[in-house]
Amino acid sequence: MKKEMIKSKELSASVRSGNFEEVVQGYTEEAALKEASRCIQCKNPACISGCPVGIDIKKFIYQLGQKDYKSAYFTIREKNDFPSICGRVCPAEYQCRKACVFTKKDSPFASEQAINIHFLERFIGDYGMKNNLEIPVKKDAGLSKHKVAVVGSGPAGLACAGELARAGIKVMIFESLHKTGGVLRYGIPPFRMPRDILDFEINYLKNLGVEFIPNFIVGRVKTLQDLFSDGYSCIFLGLGAGVPSFLGIEGENLCNVYSANEFLTRVNLMSAYKFPEFHTPVNIGKSVIVIGGGNTAMDAARAALRLQKISGITPDTKILYRRTEVEMPARRLEIEHAKEEGIDFNFLIQPTGFKGDQDGFVKKIACLKCELGEPDSSGRRRPVPIKGSDFEIECDLAIIAIGLKANQILTSVTPEIKTDKYSDVIVDPGTMETSIKGVFAGGDIVGGEGTVIEAMGMAKKAARAIIEHLSKN
Ligand SMILES: Cc1cc2nc3c(=O)[nH]c(=O)nc-3n(C[C@H](O)[C@H](O)[C@H](O)COP(=O)(O)OP(=O)(O)OC[C@H]3O[C@@H](n4cnc5c(N)ncnc54)[C@H](O)[C@@H]3O)c2cc1C
Ligand code: SF4
């Protein structure tokens, strides 16, 4: 008999939409064992090919099923440093779960019946954290004389630092913000990524001897050449894609039109949701419009709706998206959660301008209706605006969440680093080395906006190349 898929516990929509508590509560031991028992241990496990870092999924699920949680943890850690983080944010429905044998062929994302690999990974990751399971540090293999500078403390920088520190190399992470974690801290809200999980992983690195210097912009305070002169043998760049894209339409600079980056940074990094405990509030309107269909749009909309509730405003947050729900790049779970919480989704709509009042505050968004045309370079059907379909939507706060671009603070003052037409850093795909010898890069600064696990995968590859490079010197 076919076993039913086991759902994870969640806070109810009515409770969670009024606070920033973690929504998904994760599996109990009993639930994890039941879900693991659905895995049929395929002879050719397709799920592994769907994982960007190639975790031996079949093996760890088997070990979990045997209640050998410790071995399952180390199986995951062979490829992934932060299972508790990835188990919470990986878009598994486009990756391992989509490749699972239980997903129907030609489905755009995982079928509901696909094994919940991410929830199992989270269960094991949390077990490892609770039981302080640690990967052994290599005894001095002659590398402790070297120190490496890591620029950026997002998932790429953290993963690279961990790999290097375990090989006995001294690592210094330079971070431009006052807090570490990159998007995991300033972008993804605590209701998806609890800060104690992130702090645990960062403390683990500190215990390994990794040092952090916050409020330090490499490219402004010091150049890469300065870092080499300071004695760093190699440098890893995990600069991310922190620059928001804009629509380029009239009225975009009106008051209360935010980029999602600014809005989420104010909420997450500056703790606006804890005002007045923190003296850094954010404006929140009575009718909020979020433009976009990715994870950033979902996070911005769900954070806005929570702030409305916390401020005693009747929640009214809408999403406008140019295509339809199927083409939305956001994690399916976030879309479902957003709907349950009361976000109003509006598809096939393209904004054409913002209109303000005499004081310069946004009041309306002018829009056109769209229909789907032929697929574009992303493979998704292109939205085609319908002539004469103009209409307006009232709003007093708008958040633009249509994509992110490379952070060029460092590359703009370092012309020796070759970049492509998107200003992303070009690397040797085998080693992740840039056009400057001894300077490596990974994460969103290479190849553009991606995922946490992809950023970590690139960083680990770079770390292995750095270790090899230093072993020869
Ligand atoms: C709102 C939002 C939600 C997302 N949700 C998901 C999700 O659910 N699942 C998923 O897999 N991915 C998600 N992503 C994408 C994911 O977060 C990124 O792919 C990932 O964070 C990239 O990691 P990174 O280390 O390359 O860059 P980042 O996380 O951007 O970190 C880069 C760091 O470098 C610092 N920095 C930049 N330049 C300098 C400099 N010159 N000197 C010093 N420091 C510098 C920045 O301040 C930043 O802290 C989301 C992204 C956003 C914005
Ligand atoms: S493809 Fe699915 S069922 Fe097969 S081993 Fe992987 S997780 Fe288990």
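Select I235 in strand β6 first: V439 of β18 stands opposite this residue. The model on display is a predicted one. Strands β6 and β18 run parallel to each other and are paired over 3 bridges.

Keep I235 selected and turn to the other neighbour of β6. A149 is the bridge partner of I235 on that side, and the strand concerned, β3, is joined to β6 by 4 bridges in the parallel sense. Next, colour the side chains of β6 itself. C234 and F236 lie on one side of the strand, I235 and L237 on the other, and all four are buried, so that both faces of β6 are covered.

**The whole sheet**

Now extend the selection from β3 to β4. These strands, residues 147–151 and 170–174, pair in the parallel sense over 5 bridges. Within that pairing, K147 stands opposite K170 of β4.

Show the complete sheet next. It is an open sheet of 5 strands with parallel pairing, in the order β5-β4-β3-β6-β18. The edges are β5 (211–213) and β18 (439–441); each has a single partner strand, so one side of each is left without a neighbour in the sheet. On average, neighbouring strands are turned by 20° against each other, direction ignored.

**Helices against the sheet**

Add helix α9, residues 155–166. This helix packs on the sheet and touches β3, β4 and β6 (234–237), and its direction makes about 165° with that of β4. Then add helix α16, residues 452–471, which lies across β3, β6 and β18 and runs at about 175° to β6.

**The nonpolar core**

Select L164, F236, V290, A300, A398 and I399. These residues have the most contacts inside the largest nonpolar core, which comprises 135 residues. Helix α16 gives the most to this core, with 11 residues.

Centre the view on A300. Apart from neighbours within four places in sequence, A300 is in contact with A260, F263, L264, V290, I399 and A401. Two of these contacts, V290 and I399, are also among the core residues just selected.

**Ligand 1**

Display ligand 1 and the 41 residues around it; G152, G154, G182, G240 and G443 come nearest. Helices α9, α14 (295–310) and α16 are the elements that give two or more residues to this shell. Colouring the shell by class gives 20 nonpolar, 17 polar and 4 charged residues.

**Ligand 2**

Move to ligand 2, which has 15 residues around it, with C39, C42, P45, C47 and C100 nearest. The elements that contribute two or more residues here are α3 (46–50) and α4 (57–65). Of the elements, α4 gives the most to this shell, with 3 residues. By class, the surroundings of ligand 2 consist of 13 nonpolar residues, 1 polar residue and 1 charged residue.

**The start of the chain**

Finally, select I6, in the segment before β1 (9–10). Is I6 buried or exposed? I6 has 20 other C-beta atoms within 10 Å and is therefore buried, the cut-off for a buried residue being 20 or more. Display A31, K34, E35 and N116 as well: leaving aside neighbours within four places in sequence, these are the residues in contact with I6. To end the tour, draw a distance from the C-alpha atom of I6 to that of P281. The two residues are 275 apart along the chain, and their C-alpha atoms are separated by 39 Å.

Terms used:
Residues numbered from 1 in each chain as written. Chains lettered and ligands numbered in written order. Predicted model: local features only at pLDDT ≥ 70, side-chain atom pairs only at ≥ 80, totals over all residues. Pairing = 2+ DSSP bridges. Axes fitted to C-alpha atoms, helices over the stretch in contact; angles between N-to-C directions. Contact = placed C-beta atoms within 7 Å. Core = buried A, V, L, I, M, F, W, Y, C linked by C-beta atoms within 7 Å. Buried ≥ 20, exposed ≤ 12 C-beta atoms within 10 Å, placed from the backbone. Near = placed C-beta within 6 Å. Nonpolar A, V, L, I, M, F, W, Y, C, P; charged D, E, K, R; others polar.
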